[in-house]
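Reader: Hello! I would enjoy a close look at one part of this model, with its surroundings filled in afterwards.

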Amino acid sequence: MKRLLTIVALLLGVCGLLAYTSHTLTTSSGSTGAKVLNLYNWGDYIDPQLLTKFQKETGYHVNVETFDSNEAMFTKLKQGGTHYDLTVPSDYMVSKLKQAHLLQPIDRSRLTGLTNYDPLFLNKSYDPGNTYSLPYFWGTLGIIYNDRFVKPGSLTHWSQLWSPKYRDQIMLIDSARDILGMALAEQGHSMNTTNPATLRAATHKLNALSPNVKAVVADEIKMYMIQDEAAVAVDWSGEAAEMLSHNRHLHYVVPSEGSNLWIDNLVIPKSAQHYAAIYAFLNFMSRPENAAQNAEYIGYATPNRRAKTLLPKAIRNDRQFYPTRQTTRHLQIYRDLSPNVVQTYNDRYLEFKMHH
């Protein structure tokens with residue numbers, strides 16, 4: 001009898017373990033319950049208090065799963081087996097997801113806050129008419145400098161980075177598209193060029209920068225700049241905002257001759273199921289007070305023009321992160337290039353890193 005009870009207990013334990021594992025797998029790829037919203041987002045890319053507020057207002061529980069790159073997110077959606085209701089790709093990835101038939105169009109008749117958005121961030125080349133996307137945050141690629149080593153206001157253009165006075169003083173973010181893009185913009189070319197000769201010329205230009213480059217790094221760039229270990233860096237505005245918040249001697253500049261404008265967007269994956277929750281969330285995040293709260297928490301620029309008016313004056317008038325229209329007119333959005341062209345960018349960038 002004891003042996004029989006032991007066998008029964010073991011079987012029950014195995015069944016329980018299988019049930020738990022099944023639940024965990026379901027949760028990690030999006031719950032299929034009725035009163036939920038499955039959000040697939042970058043890490044720490046929404047104010048947790050807003051999620052709590054949304055849940056209290058609507059009764060929809062938000063499940064959040066995170067990714068660390070556009071490519072990782074694309075791969076997971078393409079593999080299938082997920083039930084995400086919303087995800088947050090960057091501009092060029094919206095185009096790629098659309099071409100792969102991994103998105104559902106947005107029903108504009110169910111949106112209540114579309115007029116809150118600045119037209120500058122709508123109807124872009126990666127999604128004409130915003131058929132599939134709503135802008136979430138935006139930012140730029142630019143120059144961070146430390147006024148302990150650089151005279152305030154004296155460093156405003158890409159070309160100045162090649163000056164001998166910055167020898168062994170510049171940190172570069174480890175990104176093929178951005179660093180080659182910087183060289184292309186400095187030479188007056190498109191940051192989306194597919195011309196092999198133009199890319200070769202940009203590589204030669206970067207090679208000439210090598211004596212000034214202290215290191216090519218990823219997240220460590222923030223530590224170096226915050227701790228006064230480098231005079232200059234090239235990085236994204238969101239990363240710059242974090243650096244500036246920890247070191248009052250740091251400044252951020254978007255060169256007026258041109259740079260990258262990136263826009264992250266909310267989109268509906270093909271596998272989405274909870275449409276009432278989806279549109280409740282899109283409308284909730286479009287409300288100016290919520291978009292402003294999110295922008296203050298994240299530190300990136302909001303595309304919601306009415307939300308911008310609610311931000312503290314020091315933030316909304318900060319030309320480092322909300323540049324003038326004259327500057328934004330020269331900003332370029334990255335296009336989704338063919339695999340062969342992407343490989344060329346990567347090869348040219350590797351050549352520069354080896355030269356450095």
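Which residues in α2 meet which residues in α10?

Author: Happy to help. This is a predicted model, in which local features need pLDDT of at least 70 and side-chain atom pairs count only at pLDDT 80 or more, while totals for chains, interfaces and linings use all residues. Residues are numbered from 1 along each chain as its sequence is written, and side-chain values use heavy atoms, with hydrogens and water left out.

Now to your pair. From α2, Pro48, Gln49, Leu50 and Lys53 meet Glu289, Asn290, Gln293, Asn294 and Tyr297 of α10; a contact here means heavy atoms within 4.5 Å. Helices (H or I, at least four residues) and strands (E, at least two) are DSSP runs, numbered from the N terminus. Helix α10 covers residues 288-298, and its axis lies 9 Å from that of α2, at a packing angle of about 155°. That makes α2 roughly antiparallel to α10, a label for angles over 145 degrees, whereas under 35 counts as roughly parallel, 65 to 115 as roughly perpendicular and the rest as oblique. The axes are lines fitted to C-alpha atoms, for helices over the stretch in contact, and the angles run from 0 to 180 degrees between N-to-C directions. An α-helix has 3.6 residues a turn, so residues three or four places apart point the same way.

Just ahead of this helix there is a backbone detail for you. Asp44 sits in the loop between β1 (36-42) and α2 (48-58), and its phi is positive, about 50°, although Asp44 is not a glycine. Asp44 is also exposed, at a relative accessible area of 57%; exposed means over 50%, buried under 20%, and partly exposed in between, with a 1.4 Å probe and protein chains only. His101 is another non-glycine residue with a positive phi, near 60°. His101 belongs to the loop between α4 (91-99) and β4 (103-104), and with 61% relative accessibility it counts as exposed.

A second helix pair is worth a look. Helix α5 (residues 176-186) and helix α14 (residues 339-355) have axes that come within 9 Å and cross at roughly 80°. That makes α5 roughly perpendicular to α14. On the α5 side, Ala176, Arg177, Ile179, Leu180 and Leu184 take part, meeting Tyr345, Asn346, Arg348, Tyr349 and Phe352 of α14. Tyr345 has its C-alpha atom 23 Å from that of Lys124, and the two are 221 residues apart along the chain. Lys124 is in the loop between β4 and β5; leaving aside residues up to four places away in sequence, Lys124 touches Ile263 and Ile333.

Helix α8 (residues 237-246) is mostly covered, with seven of its ten residues buried. Those buried residues are Ser237, Gly238, Glu239, Ala240, Ala241, Met243 and Leu244. Their cover includes the helix α7 (220-226) and the strands β5 (133-146), β8 (232-236), β9 (250-253) and β10 (259-269).

Finally, the whole protein. There are 14 helices and eleven strands, and the C-alpha trace spans about 85 × 50 × 40 Å along its principal axes. Of the 356 residues, 50% are buried. Among contacts with a separation of 6 or more, 77% join residues 24 or more positions apart.
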